[in-house]
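Let's take a walk through this model together, starting with how accessibility is judged and moving on to folds, charges and a pocket. Keep the structure open beside you as we go.

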Amino acid sequence: MLKLLRLGLLTLMTLGAVLPVAAQVRHVTTVNPQSKQSYMEVYEFDYVDIQPQFPGGERGLINFINKTREYPYHAYKNRIQGRVLCSFIVGIDGKVNDVRVLRGAGDESLNREAIRVIERMPKWSVGKVGKHAVPVRVVLPVNFRL
């Protein structure tokens, strides 16, 4: 009985050590106009050794969004506000790609504007696992306030 209990405990400890490692990689199907559809492994932002970073850091990112974002006329006229939660991948070359809306603001013009802003971003510093550059998924809210 004691051997069975030890074996069960050892199994649980082993699973606990393996599961967090397996959770760090996400399999993403991307759509690229040139190659149509492709499949890649993408690391989650919190599970890389070195996280990708916007030039100028967090302050630079906020400044970029505020300078680039244009309030859509329809949303402005109708006093529509909201937050668009987007995700994108910072590739191993630092380029932003595969921009998606995870949760929209309820107005399609705000969602499209958030995508446009993210697609215009300059190259980021790359994310790394060990010494190797890896693609990393970043989740970013874009706020629209009057």
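A residue counts as buried when its relative accessible area is under 20%, as exposed when that value is over 50%, and as partly exposed in between. With that in mind, please also remember that what you see is a predicted model. R79 is a good place to try the scale: its relative accessibility is 58%, so R79 counts as exposed. You will find R79 in the loop between α3 and β3 (82-90). Its backbone deserves a look too, since R79 is not a glycine and yet has a positive phi, near 55°.

Now step back to the whole chain. It holds four helices and seven strands, and reading from the N terminus the order is α-β-β-α-α-β-β-α-β-β-β. Of its 146 residues, 34% count as buried. Among the contacts with a separation of 6 or more, 67% are between residues 24 or more positions apart.

Strand β2 gives a concrete case of such distant partners. V42 lies in this strand, and at 0% relative accessibility V42 counts as buried, the limit being under 20%. V42 and V136 are 94 residues apart along the chain, but their C-alpha atoms are separated by 5.4 Å.

Which residue does E44 meet in a salt bridge? The partner is R137, with N and O 3.3 Å apart. E44 belongs to strand β2 (residues 36-44) and R137 to strand β7, so this pair ties together parts that are 93 residues apart in sequence. Both E44 and R137 are buried.

As a reminder of the principle, side chains of opposite charge can pair when their charged atoms come close. Here the count of salt bridges comes to three. Another of them joins R100 and D98, whose closest N and O atoms are 3.2 Å apart. The two residues fall into separate accessibility classes: R100 is partly exposed, with a relative accessible area of 35%, whereas D98 is buried, at 18%. D98 lies in strand β4, and its backbone has a positive phi of about 55° although D98 is not a glycine. You may recall that R79 also has a phi near 55°, but R79 sits in a loop.

Helix α4 carries a further salt bridge, between E113 and R116, at 2.6 Å from N to O. Both residues lie in that helix, three residues apart, which is about one turn. E113 is buried, with a relative accessible area of 8%. R116, at 24%, counts as partly exposed.

This pair also leads us to another part of the chain. E70 is placed in the loop between α2 and α3 (73-77). Leaving aside neighbours within four places in sequence, E70 is in contact with E113 and R116. The C-alpha atoms of E70 and V117 are 8.7 Å apart, although 47 residues separate the two in sequence.

Just before α4 there is a residue worth a pause. D107 is found in the loop between β4 (96-103) and α4 (108-119). How far away is the nearest side chain of opposite charge to D107? That side chain belongs to R112 and is 6.4 Å away. A salt bridge calls for a nitrogen and a carboxyl oxygen within 4 Å, so this separation does not qualify. D107 is thus a buried residue that has no salt bridge. Not counting residues up to four places away in sequence, D107 touches H74, A75 and I80.

Let's finish at the largest pocket, which has a volume of about 400 Å³. It is lined by 19 residues, and the closest to its centre are G57, E58, L61, I62 and L140. α2 (57-68) and β7 (136-144) each supply at least two residues of this lining. By class, the lining has twelve nonpolar, five polar and two charged residues. Strand β7 is familiar by now, as R137, the salt-bridge partner of E44, lies in it.

How values were computed: Residues numbered from 1 in each chain as written. Predicted model: local features only at pLDDT ≥ 70, side-chain atom pairs only at ≥ 80, totals over all residues. Heavy atoms only, no water. 1 Å grid on protein atoms, 1.4 Å probe; cavity = no way out; pocket = protein on both sides within 12 Å on 5 of 7 lines; lining within 4 Å. Points joined across faces, edges and corners; volume = space filled by probe spheres on them. Nonpolar A, V, L, I, M, F, W, Y, C, P; charged D, E, K, R; others polar. Buried < 20%, exposed > 50% of the residue type's maximum accessible area, 1.4 Å probe, protein only. Lys, Arg positive; Asp, Glu negative; His and termini not counted. Contact = heavy atoms within 4.5 Å.
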